[in-house]
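Work through the exercises below with the sequence and the model at hand. Each task is followed by a worked solution.

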Amino acid sequence: MSLLEVCDLKKSFDKLHVLKGISFSLEKGEVLAILGASGSGKTTLLRCLNFLETADSGSIKVNGEELLGGKINQEILRKKRLHFGLVFQSFNLFPQYTVLKNVTLAHELLASERPDYKARKKEILSEINENALALLERVGLSDKKDAYPHQLSGGPCQRVAIARALALSPDVLCFDEPTSALDPNLTGEVLKVIRSLKTSDRTMIVVTHEMEFAHSVADKVIFMANGRIEEEGTADEVFKNPKSPLTREFFKSFRF
């Protein structure tokens with residue numbers, strides 16, 4: 001059984017059909033790169049997976065658990081979102097909080113709902129803090145834990161966002177064009193961090209325009225066009241021997 005199974009996912013906004021039946025699966029530890037021109041549906045797909053948008057129909061399963069369907073209140077929605085972590089294009093950090101607080105906040109709010117929270121509050125918060133400090137060290141920002149987002153440039157802000165997404169240990173970590181808001185000289189440091197996360201048990205979906213990065217890090221590649229999966233395969237299959245004319249046109253200016 002695959003860790004993530006997406007079947008015939010569809011999403012429309014009024015009369016605009018954005019996702020027209022998306023199906024794919026991911027095994028635990030695999031990295032999927034999703035490519036395509038602007039407007040092809042990539043970001044909407046990620047937002048549906050993270051329940052920032054609700055798909056009109058289809059199926060999303062994580063470890064065999066069906067996540068779509070049924071009555072959705074805020075508590076249920078929050079539980080569904082815990083399966084996924086999302087790193088946005090524009091960081092979305094809380095400007096009023098320090099780097100450390102940005103990483104711990106969601107975990108603290110979730111922990112406050114635990115039945116043992118009152119009895120073990122000090123211990124629980126200490127564990128959350130230690131976990132956040134370890135994540136900041138992993139992304140190379142231990143020395144910035146007390147800084148505020150406005151004191152950091154784009155690259156470090158995105159690395160804070162990555163640490164925040166990792167804090168709740170999601171089943172699938174998603175990146176929505178994580179370098180698109182960065183200057184070219186800051187792009188490399190963020191891609192280096194993402195590359196370092198590729199382990200046997202870290203499952204990731206990366207929407208990106210960084211073709212060389214996608215080719216080197218992805219186990220699977222999906223090329224989307226007009227709300228559909230135009231081509232799917234290994235990185236070498238899609239990049240070096242694309243079958244679809246649309247894929248070949250998209251890649252014509254790249255060499256691998």
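Contact means heavy atoms within 4.5 Å. This is a predicted model, in which local features need pLDDT of at least 70, side-chain atom pairs count only at pLDDT 80 or more, and totals for chains, interfaces and linings use all residues. Residues are numbered from 1 along each chain as its sequence is written, and side-chain values use heavy atoms, with hydrogens and water left out.

**Exercise 1.** Place Asn102 and list its contacts beyond four places in sequence.

Step 1: Asn102 lies in helix H3, residues 99-111 (helices are DSSP runs of H or I with at least four residues, strands runs of E with at least two, numbered from the N terminus).
Step 2: Asn102 counts as buried because its relative accessibility is 1% (buried is under 20% relative accessible area, exposed over 50%, partly exposed in between, with a 1.4 Å probe and protein chains only).
Step 3: With neighbours within four places left aside, Asn102 touches Leu93, Phe94, Tyr97, Pro149, Val160 and Arg164.

**Exercise 2.** Determine how strand S8 is covered and paired.

Step 1: In S8, residues 203-207, five of five residues are buried.
Step 2: Thr203, Ile205 and Val207 form one buried side, and Met204 and Val206 the other.
Step 3: S8 runs parallel to S3 (residues 31-35), with four bridges, and parallel to S7 (residues 172-176), with five; two strands pair if DSSP finds at least two bridges between them.
Step 4: Met204 stands opposite Val31 and also opposite Leu173.
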